[in-house]
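Let's work through a few exercises on aromatic rings together. Keep the structure open beside you and try each task before reading its solution.

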Amino acid sequence: MNHIEFNNNRKLDIIILGRASIDMIPTDFFKTLDECTTFKKYIGGSPANIAIGMARLGRKVGFIGKVSDDSLGNFVLKGLEKENIDTSHISRAKNGEKISVAFSEVLEGKGNNLIMYRNKAADLSLDESDIDEEYIKSSKALLVSGTALAASPSREATLKALEIAKKSNTVIIFNLDYRAHSWEDDKEVAKYYSLAADKSDIIIGLRDEYDLMESLTGLSGSDEDSAKHRILQGAKLISIKQGDEGFASYTDKGESFFIKPFPVDNLKGLGGGDGYIVSFINGLLAGADIIDAMEMGSAHAAILVPSRSISEDMPTLQEVEEFLEMAKDRYGEMIARV
């Protein structure tokens, strides 16, 4: 059963708040970055990936963010607009801040390494004046990225957006999205993640991200304890990504669900988490039972981890459904615990 209620009278299905950046992925895989000679440029950053994924599924998507005032900022804006994402609330950085760039190293059998460039990051220059109350009220849901809390003025802008969403009964989704290179102090991560989580209806993250968030409460190491604590603080749905083990969800009604991943080749070790969030949230918006939304999320993740990119390879709803049908024919029903 899906206990999340969305206001279906609103214009937008979801607004994403956070970073839109650039991924540089080598075309010559399985070499270290010093050996790679050719790269392809993609829109990157978990929030932008999720926005593109939701739009590919047919959702009406808005975005709140900041990009650099240069050609790379143009690349991102044009790419998002091409996906029919509303970019009216993406503004240009004013003080020379640059868009983030990630170089990805893909090594055979060893997963993925990243080299990130985030000095004076454009997305972290988002400020409170960029937050439009009426815009947030026009959406069924607001998804915020934990990375947007890493520094001022983006931190204050994000907290303002959360306050508006809470006040206007916009469903708040908190994607923990921890990136160590964006933070200076783990205690700050725990403090500001907890502030955001306390206002959120749905929280999604990795087990170690929950541990970091709960490091000041001592509630680390147990999915059940993390879920119970967050539900006591007002969350309705907790989802924990467990890597190769699958996905777990807990509701404010005392229900728990677990689903195993589909067996696929994990080419690059990136994108699966974003893909899971896209179809999981899409399922909730469609009124699907939680376990069915999780299954669609798992299928979406399985499509992305063998792919060469993240944003460009986001599937359509038909492609997710076709993959799910094929996978069930090949592997049988997913093993789920309710």
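The exercises below deal with ring pairs and with charges over rings in this predicted model.

**Exercise 1.** Classify the pair formed by Phe174 and Tyr193: stacked or edge-to-face?

*Solution.* A pair of aromatic rings is described by the distance of the centres and the angle of the planes. The model holds 7 aromatic pairs. For Phe174 and Tyr193, the centres are 5.3 Å apart and the planes meet at 75°. Centres within 6.5 Å make a pair, and an angle over 60 degrees counts as edge-to-face, so Phe174 and Tyr193 are edge-to-face.

Now place the two residues. Phe174 belongs to strand S9 (residues 171-175) and Tyr193 to helix H5 (residues 186-198), so their pair ties together parts 19 residues apart in sequence. Phe174 is buried at 0% relative accessible area, and Tyr193 is buried at 0% too.

**Exercise 2.** How are the rings of Phe247 and Tyr276 arranged?

*Solution.* Begin with the geometry: the centres lie 3.9 Å apart and the planes are at 0°, so Phe247 and Tyr276 are stacked. Next, locate them: Phe247 is in strand S12 (residues 247-251) and Tyr276 in helix H8 (residues 272-285), which makes this a link between distant parts of the chain, 29 residues apart. Finally, check exposure: Phe247 and Tyr276 are both buried.

**Exercise 3.** Over which rings do the charged ends of Lys41 and Arg155 sit?

*Solution.* Take Lys41 to start: its charged end is over the ring of Phe75, 4.4 Å from the centre. For Arg155, the ring is that of Tyr192, with the charged end 4.0 Å from the centre.

Methods
Residues are numbered from 1 along each chain as its sequence is written. This is a predicted model: local features need pLDDT of at least 70, side-chain atom pairs count only at pLDDT 80 or more; totals for chains, interfaces and linings use all residues. Side-chain values use heavy atoms; hydrogens and water are left out. Rings of Phe, Tyr and Trp (its six-membered ring) pair if their centres lie within 6.5 Å; planes under 30 degrees apart count as stacked, over 60 as edge-to-face and the rest as tilted. Helices (H or I, at least four residues) and strands (E, at least two) are DSSP runs, numbered from the N terminus. Buried means under 20% relative accessible area, exposed over 50%, partly exposed in between (1.4 Å probe, protein chains only). A charge sits over a ring if NZ of Lys or CZ of Arg is within 6 Å of the ring centre and within 35 degrees of the ring normal.
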